[in-house]
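Please load the model in the viewer and set the display to a cartoon representation. The tour below proceeds by successive selections.

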Amino acid sequence: MDTKELLKKVRKIEIKTRRLSDHIFGGEYHSTFKGRGMTFSEVRQYQFGDDVRNIDWNVTARYNEPFVKVFEEERELTMMLMADVSGSKLFGTQNQFKDEIVTEIAATLAFSATQNNDKIGLILFSEEVELYIPPKKGRSHVLRIIRELLEFKPKSKNTNISEAFKFLSNVMKKKAIVFVLSDFIADDYKQTLKIAAGRHDITGIRIYDKHEEAIPNLGMVQMQDEESGELLMVNTASKKVRQNYSRFYHEKVDYFKDTFTKSGSGTIDCRVDESYVKKLLGYFKRRG
């Protein structure tokens, strides 16, 4: 992609996703995450209507009358976008390839964060972390993130989500809002996610194509493993082959949902031919 074409594509994505974040997501994002960045300020006497969960029992016992903790909203939060750039995400038959959907979702989230004057950072990972952009504010920074998502050429086609979570825990010492965009056709990241989720507010956005869920009966078909590059002859007429593939696929999906839920993290399933706008809004509203 030459520079002119790239800038044109970046601008197109900016116009589309900025409009979404301005009109739809800005307020939803703020109301969903504003309470996550609260710092203790002081205590004062309890007043009618105060949340009883904020009662400071130590001070209350000392003065023999109820006192509540007062919190202040931190002025800024940090959003980290983690995008899987490995081979498997390039599979797609519906409307747009996964990487285009990833870019649009990431841009929408980034502009929503910008509206709230938050910092945004980016981690691109395959079997290792291939690019890290430290969190910063501003439109030009978001445009750089969009450019990288559009143009980045990964060194590896394999996936190691555990390595990405390890890296996140090492570089982000303060609490961040983290969105992980991947097809999650991987496993063995339970422990590193658990550690990262202990500090950060994490959401996994699984982006997939409906044709990944099952192999149709097409007879003998040559297939390429996107991650290893190996060419294989696969007999899709075999019921056993189709069942094995279906089992493998659904095991990975179940692992994703189970692992994220048990770590206290959120999940969003987004099929490439569905509206990611509805998916994100529904998620924000459920959490808000």
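In which sense do strand 6 and strand 7 pair, and over how many bridges? Select residues 177-182, which form strand 6, and residues 201-208, which form strand 7, in this predicted model. The two strands pair in the parallel sense, over 6 bridges. Within this pairing, display Leu181 and Ile205: Ile205, in strand 7, is the bridge partner of Leu181.

Next, extend the selection to the whole sheet. The sheet is open and comprises 6 strands in the order 5-4-3-6-7-10, with mixed pairing. Its edges are strand 5 (129-136) and strand 10 (266-271), each of which pairs on one side only. On average, neighbouring strands of this sheet are turned by 15° against each other, direction ignored.

Now add residues 239-262, which form helix 7. This helix packs on the sheet, where it touches strand 7 and strand 10. The direction of helix 7 makes about 160° with that of strand 7.

Finally, turn to a pair of helices. Select helix 3 (residues 98-115) together with helix 8 (residues 276-287); they pack at an angle of about 45°, and their axes lie 11 Å apart. Helix 3 is therefore oblique to helix 8. The crossing of these two helices is right-handed. To inspect the contact, show the side chains of Glu104, Ile105, Thr108 and Leu109 on helix 3, and of Tyr276, Leu280 and Phe284 on helix 8. Coloured by class, the contact of helix 3 with helix 8 shows 5 nonpolar residues, 1 polar residue and 1 charged residue.

Terms used
Residues numbered from 1 in each chain as written. Predicted model: local features only at pLDDT ≥ 70, side-chain atom pairs only at ≥ 80, totals over all residues. Heavy atoms only, no water. Pairing = 2+ DSSP bridges. Helix = DSSP H or I, 4+ residues; strand = E, 2+ residues; numbered from the N terminus. Axes fitted to C-alpha atoms, helices over the stretch in contact; angles between N-to-C directions. Contact = heavy atoms within 4.5 Å. Parallel < 35°, antiparallel > 145°, perpendicular 65-115°, else oblique. Left-handed = near helix turned anticlockwise from the far one by under 90°. Nonpolar A, V, L, I, M, F, W, Y, C, P; charged D, E, K, R; others polar.
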